[in-house]
Structure formats: structure tokens, C-alpha cells
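This report describes a ligand site and a sheet, using values computed from atomic coordinates. Please keep the structure in view while reading.

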Amino acid sequence: MTILVTGATGKVGRHVVHELLRAGHSVRALSRFPASAKLPAGVEVVAGDLSNPDTLIPALQGVTGLHLITTGAGYVPLTTGEEIIRIAEAAGVRRVSILWDGKKGTVEEAVESSHLEWTQLQPVDYMSNVMNWRESIRTEGVVRDLFGASLNASIHERDIGRVAAAVLSEDIHAGQMYTLTGPEALTVPEKVQILSRFIGKDIKFIQLTEEQERKRMAELGVDKGVIDYVINWYMNPPIEAYTVNQTVEQITGRPARTFAEWVEEHARYFK
Ligand SMILES: NC(=O)c1ccc[n+]([C@@H]2O[C@H](COP(=O)([O-])OP(=O)(O)OC[C@H]3O[C@@H](n4cnc5c(N)ncnc54)[C@H](OP(=O)(O)O)[C@@H]3O)[C@@H](O)[C@H]2O)c1
């Protein structure tokens, strides 16, 4: 089975690639910039752009499994879902895992009305989102965030990769939508405490106002629609965002990794 992984150079996609290789699949990776993809030996890297679906025709030749992201540059939802799914069906793809980005878009709509065996993966929040705090932790020993009281059952990206690989390898997941969480729900100050412990320095939490957070994200170049969406999501999180479930363990046979495990693996980036 050849599986095409989109978003393969991203935080989740790299794990999807790794886990598929480990499971013995032949893996093809899509990137707009194949020359700088830096993927493991044995992965066939091909050029393609999800916003320009015709570029997927050669990439999907001989592919029977597909891992699909649903956003393009700047996390803006793709508007090309219908064409992507039509091209995938015509190419002979049978099984698809979809990395949902929080609300139903063109990819989900198209796949649900297709003949493909699809599974939607709905991770609530990535542990790696704390990388946004890296610079201020390194230079000032502080974390500034709007969402101090918000509880979040963030998930380790590797666990999403393991679930995606299982879903693409087994025939028991068709038509399922899996909400994926980590093993605990934590507030921002609780995460900051864990970071302090593993990095070995005191880190202070500073609560931002909504206006300050909007300004901070705009300065990072985040699209206005994405800013509205993110702020609304964290201020009014869906119940799934802070309700721990066992789906990762049920699908992969291993408990979901803790935030402390994530920090231990990534502590060097914050020093
Ligand atoms: N962060 C969260 O908490 C969270 C939670 C749930 C879901 N998500 C969703 O997870 C998805 C992936 O996130 P990530 O953090 O793994 O990604 P990431 O690290 O930000 O990387 C983005 C990936 O998307 C690819 N990409 C962007 N535009 C593309 C296009 N037009 N055509 C083809 N590939 C394109 C990039 O590939 P190249 O640059 O190599 O082309 C790269 O591999 C996103 O859809 C996001 O909305 C995120």
C-alpha cells in the first residue's frame, strides 16, 4: 500500500510519516517545497499544492491511502476539498485519514459524500502550541497568554501520528470521527509550572487582555479570520477540548503521552 501524506513536513505530518514507515508502508510525502522537506530516507518526496489540486494528479498515481490536512498556508481552510477528493477517487485511493482543523470545511464535506473509506481525526489542541512561548521563556523567563484559566487536554503530536497510521492500516475505522486528547486537562499556569520544572528556571505567567493577544498574533502575521477563530475557540472551548478520553490508547494500545513527557523531549528548545 502506498500512502501519500500531506502536511508531511509539519508538526503532525512528520510523525504520521514516521509511524507509517515503522508499520512497513511505502510512504510518499507531499510538499510545496520538496527540496527543503528534510524527511527520512526511504520517503518519496513529491511536489504539490493542495490549493492547486491539479498538482496532485501525479502525486496520487499508484496511491491507495491518503492522509489529508484541511488547511493551507497560514492555517486558512482549504476551499479545494471537492477537487482534491474527486482527484483522489479517480486515482484509486481507497482509505483517507483527515486531520480536522476545528470545523467542517470543504474537505470534510467532499469526503463524506464520496465512496472513500474516511476517518476524521479531531485533535483538540497540540502540546507543541507551547512553542509559541519559546522566545519569551528563553529571553525573559515569562509566558504571556490570554487563556490562563482555560483547561485544555492537549495531545502529543506523536500520538496523532500513531492514530493516523493505525487508521490508514486497519479496515475498522471507516466513517469514524475520533476526538483525540492527551491524558490530562491542564490550565496554562499548570503547563508553565511543568515547563519551569524541566527547563530548570522560574517562569512567570502574565495574563494578557484580548486586545493585547490580538495585537500579538497580528504581529506574528496571523490571518484576521484565524485570530478570531482561535480567540473564540479558547474563550469558549467545546466540552471535548477539556474532557479527557481514552481514544489514543484504544486505537494504538498505548496510553496517550503526558505534557511532562512532551516537555522532557523538547526542553532544549526553551533553554
Ligand atoms: N495546532 C493545533 O492545536 C491544531 C489542532 C487541531 C488541528 N490542527 C490542524 O492541523 C493541521 C496541520 O498542522 P501542523 O501544525 O502539523 O502543521 P504545520 O507544522 O504548521 O505545517 C503546515 C503543513 O501544511 C503544509 N501545507 C500548508 N499549505 C499547504 C498547501 N497549500 N499545499 C500543501 N501543503 C501545505 C506544509 O507543507 P509544505 O510547507 O512542505 O508545503 C506543512 O507540512 C492544520 O490543518 C491545523 O489546522 C491544529
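The text below turns to the ligand and its surroundings, and then to the sheet.

**The ligand site**

In this predicted model, the ligand is surrounded by 24 residues, and the closest of them are T9, S31, R32, T71 and Y126. By residue class, the shell around the ligand divides into 11 nonpolar, eight polar and five charged residues. Both domain 1 (2-123) and domain 2 (124-156 + 181-243 + 255-271) contribute to this shell, with at least three residues drawn from each.

Among the polar atom pairs between protein and ligand are the three listed here, two of which involve an oxygen atom of the ligand, while the other involves a nitrogen atom of the ligand.

| Residue | Protein atom | Ligand atom | Distance |
|---|---|---|---|
| G10 | backbone N or O | oxygen | 3.0 Å |
| K11 | polar backbone atom | oxygen | 2.9 Å |
| S51 | side-chain N or O | nitrogen | 3.4 Å |

Taken alone, the ligand exposes 920 Å², and 87% of that area is buried by the protein.

**The sheet**

Seven strands, arranged in the order β3-β2-β1-β4-β5-β6-β8, form an open sheet whose pairing is parallel. Because β3 (44-47) and β8 (177-180) stand at the edges and have a single partner strand each, one side of each is left without a neighbour in the sheet. Across this sheet, neighbouring strands are turned against each other by 20 degrees on average, with direction ignored.

Which strand pairs with β5 in the parallel sense over five bridges? That partner is β6, and the pairing joins residues 95-99 of β5 to the strand formed by residues 117-123. At the level of individual residues, S97 has T119 in β6 as its bridge partner.

Terms used: Residues numbered from 1 in each chain as written. Predicted model: local features only at pLDDT ≥ 70, side-chain atom pairs only at ≥ 80, totals over all residues. Heavy atoms only, no water. Near = heavy atom within 4 Å. Polar contact = N/O pair within 3.5 Å; in protein donor to acceptor, adjacent residues only side chain to side chain. Areas by Shrake-Rupley, 256 points an atom, 1.4 Å probe, with all protein chains shown as cover. Nonpolar A, V, L, I, M, F, W, Y, C, P; charged D, E, K, R; others polar. Domains from an automatic or database assignment. Pairing = 2+ DSSP bridges. Helix = DSSP H or I, 4+ residues; strand = E, 2+ residues; numbered from the N terminus. Axes fitted to C-alpha atoms, helices over the stretch in contact; angles between N-to-C directions.
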